[in-house]
Amino acid sequence: MARGGARAVAPAALLLLLLLAAGGGVHCLRSRAESGATVLELRHHASLGSGGRSGSAEEARGVLASDAARVSSLQRRIGSYGLIRSSDAASKLAQVPVTSGARLRTLNYVATVGIGGGEATVIVDTASELTWVQCKPCDACHDQQEPLFDPSASPSYAAVPCNSSSCDALRVATGMSGGQACDQPAACSYALSYRDGSYSRGVLAHDRLSLAGEDIEGFVFGCGTSNQGPFGGTSGLMGLGRSPLSLISQTTEQFGGVFSYCLPPKESGSSGSLVLGDDASAYRNSTPIVYTAMVTDPLQGPFYMVNLTGISVGGEEVQSPGFSAGGGGGGRAIVDSGTIITSLVPSVYAAVRGEFVRQLAEYPRAPAFSILDTCFDLTGLREVQVPSLRLAFDGGAEVEVDSKGVLYVVAGDASQVCLALAALGSEDDTPIIGNYQQKNLRVVFDTAASQIGFAQETCDYI
(Lines give C-alpha, C1' and ligand atoms only; values in the text may rest on other atoms or scores of the structure.)
Protein backbone atom coordinates (compact mmCIF):
# COMPACT_ATOMS: atom_id res chain seq x y z
CA MET A 1 0.00 0.00 0.00
CA ALA A 2 1.36 3.39 -0.94
CA ARG A 3 1.72 5.24 2.34
CA GLY A 4 2.45 8.57 0.72
CA GLY A 5 -0.48 8.51 -1.71
CA ALA A 6 -3.67 10.53 -1.60
CA ARG A 7 -6.28 9.35 0.89
CA ALA A 8 -10.01 9.66 1.45
CA VAL A 9 -9.99 8.59 5.07
CA ALA A 10 -11.31 9.35 8.52
CA PRO A 11 -8.62 10.70 10.87
CA ALA A 12 -8.78 7.97 13.49
CA ALA A 13 -7.22 4.52 13.23
CA LEU A 14 -10.08 3.04 15.25
CA LEU A 15 -13.75 3.33 14.36
CA LEU A 16 -16.44 3.56 17.00
CA LEU A 17 -19.35 1.19 16.43
CA LEU A 18 -22.56 1.93 18.30
CA LEU A 19 -24.41 -1.31 18.88
CA LEU A 20 -27.91 0.04 18.47
CA ALA A 21 -30.78 -1.44 16.54
CA ALA A 22 -31.85 0.67 13.59
CA GLY A 23 -35.14 1.05 11.79
CA GLY A 24 -35.65 1.49 8.05
CA GLY A 25 -38.00 3.08 5.62
CA VAL A 26 -38.39 5.14 2.51
CA HIS A 27 -40.41 8.15 1.55
CA CYS A 28 -41.35 9.59 -1.81
CA LEU A 29 -38.06 9.91 -3.64
CA ARG A 30 -37.21 13.36 -4.90
CA SER A 31 -35.11 14.85 -7.68
CA ARG A 32 -33.77 18.26 -8.62
CA ALA A 33 -31.59 20.10 -11.10
CA GLU A 34 -28.61 21.85 -9.55
CA SER A 35 -25.69 23.74 -11.13
CA GLY A 36 -26.28 22.02 -14.44
CA ALA A 37 -26.52 18.64 -12.70
CA THR A 38 -29.41 16.25 -12.20
CA VAL A 39 -29.67 14.95 -8.64
CA LEU A 40 -31.83 11.94 -7.73
CA GLU A 41 -32.50 11.00 -4.12
CA LEU A 42 -31.28 7.53 -3.18
CA ARG A 43 -32.46 5.32 -0.38
CA HIS A 44 -31.51 1.88 0.83
CA HIS A 45 -34.08 -0.42 -0.69
CA ALA A 46 -33.92 -3.07 1.99
CA SER A 47 -32.07 -3.56 5.20
CA LEU A 48 -29.47 -6.29 5.58
CA GLY A 49 -31.49 -8.26 8.09
CA SER A 50 -33.14 -5.02 9.27
CA GLY A 51 -29.99 -3.95 11.02
CA GLY A 52 -30.14 -6.48 13.78
CA ARG A 53 -33.78 -6.10 14.78
CA SER A 54 -35.15 -9.10 16.60
CA GLY A 55 -36.76 -11.70 14.41
CA SER A 56 -34.79 -10.66 11.33
CA ALA A 57 -32.17 -13.43 11.25
CA GLU A 58 -34.01 -15.57 8.70
CA GLU A 59 -34.61 -12.57 6.47
CA ALA A 60 -30.93 -11.66 6.69
CA ARG A 61 -29.94 -15.23 5.92
CA GLY A 62 -32.06 -15.20 2.77
CA VAL A 63 -30.70 -11.83 1.70
CA LEU A 64 -27.09 -12.96 2.15
CA ALA A 65 -27.82 -16.15 0.23
CA SER A 66 -29.17 -14.02 -2.63
CA ASP A 67 -26.07 -11.85 -2.42
CA ALA A 68 -23.83 -14.91 -2.68
CA ALA A 69 -25.82 -16.02 -5.73
CA ARG A 70 -25.30 -12.60 -7.31
CA VAL A 71 -21.54 -12.79 -6.68
CA SER A 72 -21.47 -16.23 -8.29
CA SER A 73 -23.51 -14.94 -11.22
CA LEU A 74 -21.13 -12.01 -11.74
CA GLN A 75 -18.16 -14.38 -11.81
CA ARG A 76 -19.86 -16.42 -14.51
CA ARG A 77 -20.83 -13.33 -16.48
CA ILE A 78 -17.21 -12.11 -16.50
CA GLY A 79 -16.23 -15.32 -18.27
CA SER A 80 -19.18 -15.20 -20.66
CA TYR A 81 -18.39 -11.65 -21.75
CA GLY A 82 -14.87 -12.77 -22.60
CA LEU A 83 -16.30 -15.44 -24.88
CA ILE A 84 -18.79 -13.08 -26.52
CA ARG A 85 -16.26 -10.32 -27.13
CA SER A 86 -13.67 -12.71 -28.49
CA SER A 87 -16.24 -13.76 -31.11
CA ASP A 88 -17.49 -10.74 -31.79
CA ALA A 89 -18.37 15.48 -23.31
CA ALA A 90 -20.95 17.39 -22.02
CA SER A 91 -21.03 19.40 -18.74
CA LYS A 92 -24.72 19.10 -17.80
CA LEU A 93 -25.43 17.46 -14.47
CA ALA A 94 -28.51 15.69 -13.19
CA GLN A 95 -28.98 14.75 -9.57
CA VAL A 96 -31.45 12.12 -8.41
CA PRO A 97 -32.25 11.14 -4.82
CA VAL A 98 -31.01 7.70 -3.77
CA THR A 99 -32.61 6.03 -0.79
CA SER A 100 -32.54 2.96 1.40
CA GLY A 101 -35.08 0.45 0.14
CA ALA A 102 -36.20 -1.01 3.45
CA ARG A 103 -39.88 -0.35 2.78
CA LEU A 104 -39.66 -2.10 -0.58
CA ARG A 105 -38.22 -5.32 0.85
CA THR A 106 -35.04 -5.49 -1.19
CA LEU A 107 -31.44 -5.08 -0.27
CA ASN A 108 -30.18 -2.44 -2.63
CA TYR A 109 -30.51 1.26 -3.34
CA VAL A 110 -33.40 2.82 -5.21
CA ALA A 111 -34.25 6.04 -7.04
CA THR A 112 -37.36 7.35 -8.76
CA VAL A 113 -37.39 8.38 -12.42
CA GLY A 114 -40.06 9.37 -14.90
CA ILE A 115 -40.87 7.11 -17.81
CA GLY A 116 -43.53 7.87 -20.44
CA GLY A 117 -45.27 10.39 -18.19
CA GLY A 118 -45.42 8.08 -15.15
CA GLU A 119 -43.01 7.38 -12.31
CA ALA A 120 -40.94 4.29 -11.55
CA THR A 121 -38.86 3.49 -8.46
CA VAL A 122 -35.98 1.33 -9.62
CA ILE A 123 -32.96 -0.43 -8.12
CA VAL A 124 -29.70 1.34 -9.00
CA ASP A 125 -27.25 -1.22 -10.41
CA THR A 126 -23.80 -0.45 -11.82
CA ALA A 127 -23.34 -4.05 -13.05
CA SER A 128 -26.47 -4.11 -15.21
CA GLU A 129 -26.49 -3.36 -18.91
CA LEU A 130 -30.14 -2.48 -19.43
CA THR A 131 -32.78 -0.44 -17.62
CA TRP A 132 -36.10 -2.26 -17.38
CA VAL A 133 -39.50 -1.74 -15.76
CA GLN A 134 -42.53 -3.98 -15.37
CA CYS A 135 -45.17 -3.36 -18.02
CA LYS A 136 -48.82 -4.09 -18.73
CA PRO A 137 -50.04 -6.61 -19.66
CA CYS A 138 -47.96 -8.52 -17.14
CA ASP A 139 -47.99 -12.28 -17.55
CA ALA A 140 -46.01 -13.00 -14.38
CA CYS A 141 -44.70 -10.09 -12.37
CA HIS A 142 -43.43 -9.50 -8.85
CA ASP A 143 -45.50 -7.24 -6.61
CA GLN A 144 -44.68 -3.55 -6.89
CA GLN A 145 -45.98 -0.59 -4.94
CA GLU A 146 -46.43 1.75 -7.89
CA PRO A 147 -48.84 1.21 -10.79
CA LEU A 148 -47.46 -0.89 -13.63
CA PHE A 149 -46.18 1.06 -16.62
CA ASP A 150 -48.86 1.03 -19.30
CA PRO A 151 -47.38 1.37 -22.80
CA SER A 152 -50.80 2.08 -24.30
CA ALA A 153 -51.14 5.19 -22.10
CA SER A 154 -47.90 6.75 -23.33
CA PRO A 155 -48.10 8.45 -26.76
CA SER A 156 -44.28 8.53 -26.95
CA TYR A 157 -43.87 4.76 -26.43
CA ALA A 158 -42.81 2.49 -29.27
CA ALA A 159 -41.39 -1.01 -29.46
CA VAL A 160 -37.90 -1.36 -30.90
CA PRO A 161 -37.91 -3.37 -34.16
CA CYS A 162 -35.68 -6.35 -34.72
CA ASN A 163 -33.70 -4.71 -37.51
CA SER A 164 -32.58 -1.75 -35.36
CA SER A 165 -29.09 -0.96 -34.07
CA SER A 166 -30.48 -1.02 -30.53
CA CYS A 167 -31.59 -4.61 -30.99
CA ASP A 168 -28.15 -5.46 -32.35
CA ALA A 169 -26.61 -3.85 -29.25
CA LEU A 170 -28.83 -6.00 -27.04
CA ARG A 171 -26.71 -9.05 -27.87
CA VAL A 172 -23.68 -7.39 -26.31
CA ALA A 173 -25.65 -5.73 -23.51
CA THR A 174 -27.28 -8.92 -22.28
CA GLY A 175 -24.65 -11.48 -23.23
CA MET A 176 -26.82 -13.17 -25.86
CA SER A 177 -25.28 -14.80 -28.90
CA GLY A 178 -26.16 -13.46 -32.31
CA GLY A 179 -29.74 -13.92 -33.46
CA GLN A 180 -31.26 -14.71 -30.06
CA ALA A 181 -32.19 -11.13 -29.22
CA CYS A 182 -34.95 -10.94 -31.87
CA ASP A 183 -37.28 -13.90 -31.94
CA GLN A 184 -40.37 -12.02 -33.12
CA PRO A 185 -41.02 -10.58 -36.58
CA ALA A 186 -41.54 -7.00 -35.42
CA ALA A 187 -40.43 -6.43 -31.83
CA CYS A 188 -36.99 -7.00 -30.32
CA SER A 189 -37.36 -9.30 -27.33
CA TYR A 190 -34.99 -9.58 -24.38
CA ALA A 191 -34.44 -12.09 -21.60
CA LEU A 192 -32.27 -11.36 -18.58
CA SER A 193 -31.68 -14.20 -16.14
CA TYR A 194 -29.65 -14.40 -12.94
CA ARG A 195 -28.11 -17.33 -11.12
CA ASP A 196 -30.43 -16.95 -8.11
CA GLY A 197 -33.36 -17.78 -10.39
CA SER A 198 -34.61 -14.23 -10.90
CA TYR A 199 -35.29 -12.92 -14.39
CA SER A 200 -36.88 -10.22 -16.55
CA ARG A 201 -38.34 -10.91 -20.00
CA GLY A 202 -40.16 -8.68 -22.42
CA VAL A 203 -39.58 -6.41 -25.39
CA LEU A 204 -37.10 -3.64 -26.02
CA ALA A 205 -38.83 -0.27 -26.32
CA HIS A 206 -38.15 3.44 -26.28
CA ASP A 207 -39.95 6.29 -24.55
CA ARG A 208 -39.29 9.58 -22.80
CA LEU A 209 -37.13 9.31 -19.65
CA SER A 210 -37.40 12.19 -17.17
CA LEU A 211 -34.63 12.95 -14.67
CA ALA A 212 -35.32 15.97 -12.46
CA GLY A 213 -36.95 17.81 -15.35
CA GLU A 214 -34.31 16.73 -17.88
CA ASP A 215 -36.12 14.80 -20.62
CA ILE A 216 -34.28 12.11 -22.57
CA GLU A 217 -36.28 11.42 -25.72
CA GLY A 218 -36.20 7.96 -27.25
CA PHE A 219 -34.61 6.29 -24.21
CA VAL A 220 -34.23 2.56 -24.87
CA PHE A 221 -35.32 0.24 -22.03
CA GLY A 222 -36.77 -3.17 -21.35
CA CYS A 223 -40.56 -3.36 -21.06
CA GLY A 224 -40.84 -6.48 -18.91
CA THR A 225 -43.98 -8.57 -18.98
CA SER A 226 -42.54 -11.55 -17.07
CA ASN A 227 -40.34 -10.70 -14.10
CA GLN A 228 -39.53 -12.60 -10.92
CA GLY A 229 -36.89 -12.27 -8.22
CA PRO A 230 -35.84 -10.36 -5.09
CA PHE A 231 -36.81 -6.97 -6.52
CA GLY A 232 -39.09 -6.16 -3.59
CA GLY A 233 -41.77 -3.58 -4.33
CA THR A 234 -39.77 -1.77 -6.99
CA SER A 235 -40.82 -1.19 -10.58
CA GLY A 236 -37.59 -2.56 -12.03
CA LEU A 237 -33.92 -1.77 -12.40
CA MET A 238 -31.73 1.13 -13.56
CA GLY A 239 -28.80 -0.19 -15.61
CA LEU A 240 -25.70 1.96 -15.06
CA GLY A 241 -23.12 -0.47 -16.45
CA ARG A 242 -20.59 0.05 -19.23
CA SER A 243 -22.68 -1.05 -22.20
CA PRO A 244 -24.28 0.64 -25.25
CA LEU A 245 -27.79 0.43 -23.79
CA SER A 246 -27.05 1.56 -20.22
CA LEU A 247 -28.46 4.82 -18.94
CA ILE A 248 -24.95 6.28 -18.83
CA SER A 249 -24.20 5.47 -22.47
CA GLN A 250 -27.57 6.73 -23.67
CA THR A 251 -27.17 10.07 -21.86
CA THR A 252 -23.58 10.85 -22.84
CA GLU A 253 -24.75 13.93 -24.74
CA GLN A 254 -26.48 15.29 -21.64
CA PHE A 255 -24.13 14.18 -18.85
CA GLY A 256 -20.79 13.42 -20.50
CA GLY A 257 -20.52 9.82 -19.33
CA VAL A 258 -20.00 10.85 -15.69
CA PHE A 259 -22.10 9.86 -12.70
CA SER A 260 -21.57 9.49 -8.97
CA TYR A 261 -23.46 8.37 -5.91
CA CYS A 262 -23.40 8.58 -2.15
CA LEU A 263 -25.03 5.49 -0.63
CA PRO A 264 -26.70 6.16 2.72
CA PRO A 265 -26.87 3.73 5.64
CA LYS A 266 -30.22 2.01 5.99
CA GLU A 267 -31.22 3.84 9.17
CA SER A 268 -34.60 5.52 9.07
CA GLY A 269 -34.55 8.92 7.40
CA SER A 270 -31.12 8.58 5.82
CA SER A 271 -30.82 9.36 2.14
CA GLY A 272 -28.18 9.95 -0.47
CA SER A 273 -27.90 11.05 -4.06
CA LEU A 274 -27.18 9.85 -7.56
CA VAL A 275 -25.59 12.71 -9.51
CA LEU A 276 -25.60 12.54 -13.30
CA GLY A 277 -22.96 14.85 -14.77
CA ASP A 278 -19.52 16.14 -13.87
CA ASP A 279 -20.32 19.24 -11.82
CA ALA A 280 -18.62 18.59 -8.46
CA SER A 281 -20.47 21.51 -6.84
CA ALA A 282 -23.40 19.12 -6.37
CA TYR A 283 -21.27 16.93 -4.10
CA ARG A 284 -21.10 17.33 -0.31
CA ASN A 285 -17.77 15.54 0.21
CA SER A 286 -15.69 16.37 3.29
CA THR A 287 -12.36 15.13 1.87
CA PRO A 288 -10.82 15.65 -1.59
CA ILE A 289 -11.77 13.15 -4.27
CA VAL A 290 -8.94 10.69 -4.92
CA TYR A 291 -8.94 8.86 -8.25
CA THR A 292 -7.74 5.51 -9.47
CA ALA A 293 -7.72 4.33 -13.08
CA MET A 294 -10.41 2.02 -14.39
CA VAL A 295 -9.06 -1.25 -15.72
CA THR A 296 -9.42 -1.08 -19.49
CA ASP A 297 -10.19 -4.56 -20.73
CA PRO A 298 -12.31 -5.28 -23.83
CA LEU A 299 -13.41 -8.52 -22.19
CA GLN A 300 -14.68 -6.94 -18.95
CA GLY A 301 -18.30 -6.60 -20.04
CA PRO A 302 -20.36 -3.86 -18.36
CA PHE A 303 -18.38 -3.87 -15.10
CA TYR A 304 -16.39 -1.04 -13.52
CA MET A 305 -13.02 -2.53 -12.57
CA VAL A 306 -10.09 -1.11 -10.61
CA ASN A 307 -6.85 -2.55 -9.24
CA LEU A 308 -7.02 -3.15 -5.49
CA THR A 309 -3.38 -3.00 -4.34
CA GLY A 310 -3.67 -3.33 -0.56
CA ILE A 311 -5.81 -3.41 2.58
CA SER A 312 -4.96 -2.25 6.09
CA VAL A 313 -6.76 -3.19 9.31
CA GLY A 314 -6.47 -0.85 12.29
CA GLY A 315 -3.50 0.83 10.60
CA GLU A 316 -1.70 -2.49 9.98
CA GLU A 317 -1.13 -3.34 6.34
CA VAL A 318 -2.00 -6.97 5.61
CA GLN A 319 0.32 -9.05 3.45
CA SER A 320 -0.98 -11.34 0.74
CA PRO A 321 0.20 -12.51 -2.70
CA GLY A 322 -3.39 -12.00 -3.87
CA PHE A 323 -2.79 -8.26 -4.22
CA SER A 324 -0.55 -8.72 -7.26
CA ALA A 325 -2.02 -6.71 -10.12
CA GLY A 326 -3.27 -8.31 -13.32
CA GLY A 327 -4.81 -11.70 -14.00
CA GLY A 328 -8.41 -12.71 -13.60
CA GLY A 329 -8.45 -12.31 -9.81
CA GLY A 330 -6.03 -10.89 -7.28
CA GLY A 331 -5.87 -7.13 -7.44
CA ARG A 332 -8.51 -6.58 -10.11
CA ALA A 333 -11.84 -5.74 -8.45
CA ILE A 334 -15.35 -4.69 -9.51
CA VAL A 335 -16.93 -1.65 -7.84
CA ASP A 336 -20.61 -2.60 -7.68
CA SER A 337 -23.69 -0.89 -6.25
CA GLY A 338 -25.83 -4.03 -6.47
CA THR A 339 -23.67 -6.48 -4.49
CA ILE A 340 -23.95 -6.07 -0.73
CA ILE A 341 -20.94 -7.68 0.95
CA THR A 342 -17.40 -7.15 -0.35
CA SER A 343 -15.92 -10.47 -1.50
CA LEU A 344 -12.16 -11.09 -1.66
CA VAL A 345 -10.06 -13.91 -3.10
CA PRO A 346 -9.33 -16.53 -0.41
CA SER A 347 -5.69 -15.53 0.25
CA VAL A 348 -6.53 -11.85 0.72
CA TYR A 349 -9.61 -12.59 2.80
CA ALA A 350 -7.64 -14.92 5.08
CA ALA A 351 -5.03 -12.22 5.70
CA VAL A 352 -7.65 -9.55 6.45
CA ARG A 353 -9.70 -11.90 8.62
CA GLY A 354 -6.60 -12.95 10.57
CA GLU A 355 -5.69 -9.36 11.38
CA PHE A 356 -9.24 -8.55 12.52
CA VAL A 357 -9.31 -11.62 14.76
CA ARG A 358 -5.93 -10.65 16.24
CA GLN A 359 -7.04 -7.10 17.01
CA LEU A 360 -10.41 -8.21 18.43
CA ALA A 361 -8.97 -11.11 20.43
CA GLU A 362 -10.38 -9.76 23.71
CA TYR A 363 -13.95 -10.43 22.58
CA PRO A 364 -15.52 -13.92 22.63
CA ARG A 365 -16.34 -15.52 19.29
CA ALA A 366 -19.84 -16.24 18.07
CA PRO A 367 -21.10 -18.74 15.46
CA ALA A 368 -20.74 -17.90 11.77
CA PHE A 369 -23.78 -16.47 9.99
CA SER A 370 -24.48 -17.37 6.37
CA ILE A 371 -21.54 -16.14 4.24
CA LEU A 372 -20.12 -14.19 7.22
CA ASP A 373 -17.74 -16.59 8.96
CA THR A 374 -16.05 -14.27 11.50
CA CYS A 375 -18.44 -13.26 14.27
CA PHE A 376 -18.16 -12.02 17.86
CA ASP A 377 -20.36 -11.96 20.96
CA LEU A 378 -20.57 -8.35 22.13
CA THR A 379 -23.49 -8.82 24.51
CA GLY A 380 -23.84 -6.09 27.11
CA LEU A 381 -21.53 -3.62 25.38
CA ARG A 382 -22.99 -0.34 24.18
CA GLU A 383 -19.95 0.59 22.13
CA VAL A 384 -16.88 -1.18 20.87
CA GLN A 385 -13.69 0.08 19.30
CA VAL A 386 -13.51 -1.60 15.91
CA PRO A 387 -10.33 -1.67 13.80
CA SER A 388 -10.53 0.61 10.79
CA LEU A 389 -10.65 -0.90 7.29
CA ARG A 390 -8.74 0.92 4.55
CA LEU A 391 -8.58 0.01 0.85
CA ALA A 392 -5.68 1.05 -1.41
CA PHE A 393 -5.83 1.33 -5.19
CA ASP A 394 -3.54 1.99 -8.13
CA GLY A 395 -2.10 5.51 -8.18
CA GLY A 396 -1.88 5.80 -4.39
CA ALA A 397 -5.60 6.37 -3.77
CA GLU A 398 -6.66 5.15 -0.31
CA VAL A 399 -10.20 4.95 1.01
CA GLU A 400 -11.33 4.29 4.57
CA VAL A 401 -14.54 2.31 4.91
CA ASP A 402 -17.22 3.98 7.03
CA SER A 403 -17.65 2.49 10.50
CA LYS A 404 -21.14 1.23 9.54
CA GLY A 405 -19.59 -0.86 6.77
CA VAL A 406 -17.06 -2.83 8.85
CA LEU A 407 -19.26 -5.03 11.04
CA TYR A 408 -22.77 -6.35 10.59
CA VAL A 409 -24.99 -6.74 13.65
CA VAL A 410 -26.98 -9.96 13.21
CA ALA A 411 -28.66 -10.12 16.63
CA GLY A 412 -30.31 -7.13 18.28
CA ASP A 413 -28.64 -7.96 21.60
CA ALA A 414 -25.21 -7.90 19.89
CA SER A 415 -24.63 -11.57 20.67
CA GLN A 416 -23.70 -12.13 17.01
CA VAL A 417 -21.77 -9.34 15.29
CA CYS A 418 -19.84 -10.33 12.16
CA LEU A 419 -17.05 -9.00 10.00
CA ALA A 420 -18.90 -7.74 6.90
CA LEU A 421 -16.57 -9.39 4.37
CA ALA A 422 -16.65 -12.75 2.60
CA ALA A 423 -14.29 -15.06 0.75
CA LEU A 424 -14.65 -15.97 -2.91
CA GLY A 425 -14.43 -19.60 -3.98
CA SER A 426 -11.19 -19.37 -5.94
CA GLU A 427 -8.04 -17.30 -6.35
CA ASP A 428 -9.08 -16.90 -10.00
CA ASP A 429 -12.37 -15.18 -9.09
CA THR A 430 -12.68 -11.41 -9.36
CA PRO A 431 -13.09 -9.48 -6.07
CA ILE A 432 -16.19 -7.29 -5.72
CA ILE A 433 -16.42 -4.14 -3.60
CA GLY A 434 -20.03 -4.19 -2.40
CA ASN A 435 -22.37 -1.42 -1.31
CA TYR A 436 -22.08 -2.28 2.40
CA GLN A 437 -18.50 -1.01 2.27
CA GLN A 438 -19.41 2.04 0.13
CA LYS A 439 -21.65 3.72 2.68
CA ASN A 440 -21.07 7.45 3.23
CA LEU A 441 -18.63 7.70 0.32
CA ARG A 442 -18.95 9.83 -2.79
CA VAL A 443 -18.02 7.37 -5.55
CA VAL A 444 -17.43 9.01 -8.94
CA PHE A 445 -17.54 7.00 -12.18
CA ASP A 446 -15.89 9.01 -14.96
CA THR A 447 -16.12 6.90 -18.11
CA ALA A 448 -14.74 9.72 -20.28
CA ALA A 449 -11.48 9.86 -18.31
CA SER A 450 -11.62 6.14 -17.44
CA GLN A 451 -11.25 6.67 -13.70
CA ILE A 452 -13.15 6.14 -10.44
CA GLY A 453 -12.96 8.59 -7.55
CA PHE A 454 -13.67 8.28 -3.82
CA ALA A 455 -14.24 10.85 -1.09
CA GLN A 456 -15.71 10.86 2.41
CA GLU A 457 -19.26 12.26 2.49
CA THR A 458 -22.09 12.05 4.97
CA CYS A 459 -24.84 11.09 2.58
CA ASP A 460 -27.75 13.48 2.53
CA TYR A 461 -29.95 14.44 -0.38
CA ILE A 462 -30.49 17.98 0.94
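## Group meeting: strands, loops and a buried arginine

Let me start in one of the loops, where Ala414 is found between β27, residues 407-409, and β28, residues 417-419. Please keep in mind throughout that what we are looking at is a predicted model. Ala414 has a phi near 65°, which is a positive value in a residue other than glycine, and at 4% relative accessibility Ala414 counts as buried, because the cut-off for that word is under 20%.

The two strands on either side of that loop belong to an open sheet of 4 strands, whose order is β22-β23-β28-β27 and whose pairing is antiparallel. At the edges stand β22, residues 365-366, and β27, each with a single partner strand, so that one side of each is left without a neighbour in the sheet. The partner β23, residues 375-376, pairs with β22 in the antiparallel sense over 2 bridges, and if you want to find that pairing on the screen, look for Ala366, which stands opposite Cys375 in β23.

Now let me step back to the whole chain. The protein has 5 helices and 32 strands, and of its 462 residues 61% count as buried. About 16,400 Å² of the protein is exposed, with carbon and sulfur atoms supplying 51% of that area.

Among those strands, I would like to spend most time on β18, residues 305-313. How many of the 9 residues of β18 are buried? The count is 8, so this strand is largely enclosed by the rest of the structure. As for its pairings, β18 is joined to β25, residues 389-393, by 5 bridges, with the two strands running antiparallel, and it also pairs in the antiparallel sense with β20, residues 332-335, over 3 bridges. In that second pairing, the bridge partner of Val306 is Ala333 in β20.

There is a further antiparallel connection, in which 2 bridges join β18 to β19, residues 316-317. Ser312 is a useful residue to follow here, since it stands opposite Arg390 in β25 and also opposite Glu317 in β19. The hairpin of β18 and β19 has 2 residues between the strands, and in this hairpin Gly314 takes a positive phi near 55°.

Which residue that is not a glycine has a positive phi of about 50°? That is Ala212, and its place is in the loop between β12, residues 199-211, and β13, residues 214-228. We can set it beside Ala414, from the opening of this talk, with its positive phi near 65°.

Another backbone feature to check by eye is the cis peptide bond that joins Lys136 and Pro137, for which omega is about -10°. Pro137 lies in the loop between β8, residues 132-134, and β9, residues 140-141.

Finally, I come to Arg43, whose place is in strand β4, residues 37-44. Is Arg43 buried or exposed? With a relative accessible area of 3%, Arg43 is buried, because anything under 20% falls in that class. Arg43 and Leu29 are 14 residues apart in sequence, and from C-alpha to C-alpha they are 7.9 Å apart in space.

To close, the places I would open in the viewer are Ser312, opposite both Arg390 in β25 and Glu317 in β19, then the cis bond between Lys136 and Pro137, and lastly the buried Arg43.

Technical notes: Residues are numbered from 1 along each chain as its sequence is written. This is a predicted model: local features need pLDDT of at least 70, side-chain atom pairs count only at pLDDT 80 or more; totals for chains, interfaces and linings use all residues. Side-chain values use heavy atoms; hydrogens and water are left out. Buried means under 20% relative accessible area, exposed over 50%, partly exposed in between (1.4 Å probe, protein chains only). Two strands pair if DSSP finds at least two bridges between them. Accessible areas come from the Shrake-Rupley method with a 1.4 Å probe; for residues, only the protein chains shown count as cover.
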